[in-house]
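This briefing is meant for a reader who is meeting the structure for the first time. Please look over the sequence and the model before going on to the notes.

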Amino acid sequence: METLAKCYYPELAHLRDGNGLLADYPFPKGACPAALSPFSVTRRIGHPYQNRTPPKRKKPRTSFSRVQICELEKRFHRQKYLASAERATLAKALKMTDAQVKTWFQNRRTKWRRQTAEEREAERQQANRLMLQLQQEAFQKTLSQPLQPDPLCLHNSSLYALQNLQPWADENKLSV
């Protein structure tokens, strides 16, 4: 292991003693830490982003004319997805690139999905409010109307007693 360390890590020569063995510091004499193995991953010194290639310049946001947006919106309203030939034809007619039309449609579909999801949620909440209101009205109606006798209960005294029991009525409350 010592000879491998000499070959692969000559920059550690200052840690060797007179016999060529690694000195006691930072590890015991004759021992070779796993970090000095020729099979270990070499680490770069310095900041982790220092040796990377510089990032590409971000392309500025493309702004479309009102006419282009209007035509794109009209087409999107009729057709959410375009075949490549349709996309190429539309791009040529609007003096846009195929990639611009493709990206615009992808972004517009994302916006459309978000909007329809928000609308569905609003409709669901409105339906829940209406259902609660109807339930409350039905409950209030049952409280104000006298209870109609059930023909089944008329012949069974236990069921008749249960039918006339109204736990929410004031006269049925027990005084403690």
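The notes below begin with the whole chain and then turn to one helix, a pocket and a loop residue.

The model described here is a predicted one. The protein chain contains six helices and zero strands, and, read along the sequence, its elements follow the pattern α-α-α-α-α-α.

**The chain as a whole**

- Of the 176 residues in the protein chain, 17% are buried.
- Among the contacts in the protein chain with a separation of 6 or more, 39% are made by residues that lie 24 or more positions apart.

**The helix α2**

- The 13 residues of α2 should span 18 Å at 1.5 Å a residue, and the end C-alpha atoms of the helix are 18 Å apart, so the expected span and the modelled one agree.
- The buried residues of α2 are Q68, L72, R75 and F76, and because these residues cover an arc of only 100 degrees around the axis, they are on the same side of α2.
- An α-helix has 3.6 residues a turn, so residues three or four places apart point the same way.
- The other side of α2 carries the exposed residues R66, V67, H77 and R78, whereas the buried residues of the helix are covered by parts of the chain that include α3 and α4.

**The largest pocket**

- The largest pocket holds about 370 Å³ of space, and its lining is made up of 14 residues, of which R61, T62, F64, W104 and N107 lie nearest the centre of the pocket.
- Both α2, which runs over residues 66-78, and α4 supply at least two residues each to the lining of the largest pocket, and α4 gives the most, with seven residues.
- Sorted by class, the lining of the largest pocket has five charged and five polar residues, together with four nonpolar ones.

**The loop residue K95**

- K95 is placed in the loop between α3, which covers residues 84-93, and α4, which covers residues 98-144.
- The phi of K95 is near 55 degrees, which is a positive value in a residue other than glycine.
- Most residues other than glycine have a negative phi.
- Is K95 buried or exposed? With a relative accessible area of 76%, K95 counts as exposed, because that value is over 50%.

Technical notes. Residues numbered from 1 in each chain as written. Predicted model: local features only at pLDDT ≥ 70, side-chain atom pairs only at ≥ 80, totals over all residues. Heavy atoms only, no water. Helix = DSSP H or I, 4+ residues; strand = E, 2+ residues; numbered from the N terminus. Buried < 20%, exposed > 50% of the residue type's maximum accessible area, 1.4 Å probe, protein only. 1 Å grid on protein atoms, 1.4 Å probe; cavity = no way out; pocket = protein on both sides within 12 Å on 5 of 7 lines; lining within 4 Å. Points joined across faces, edges and corners; volume = space filled by probe spheres on them. Nonpolar A, V, L, I, M, F, W, Y, C, P; charged D, E, K, R; others polar. Expected span 1.5 Å × (residues − 1). Arc of directions from axis to C-beta. Contact = heavy atoms within 4.5 Å.
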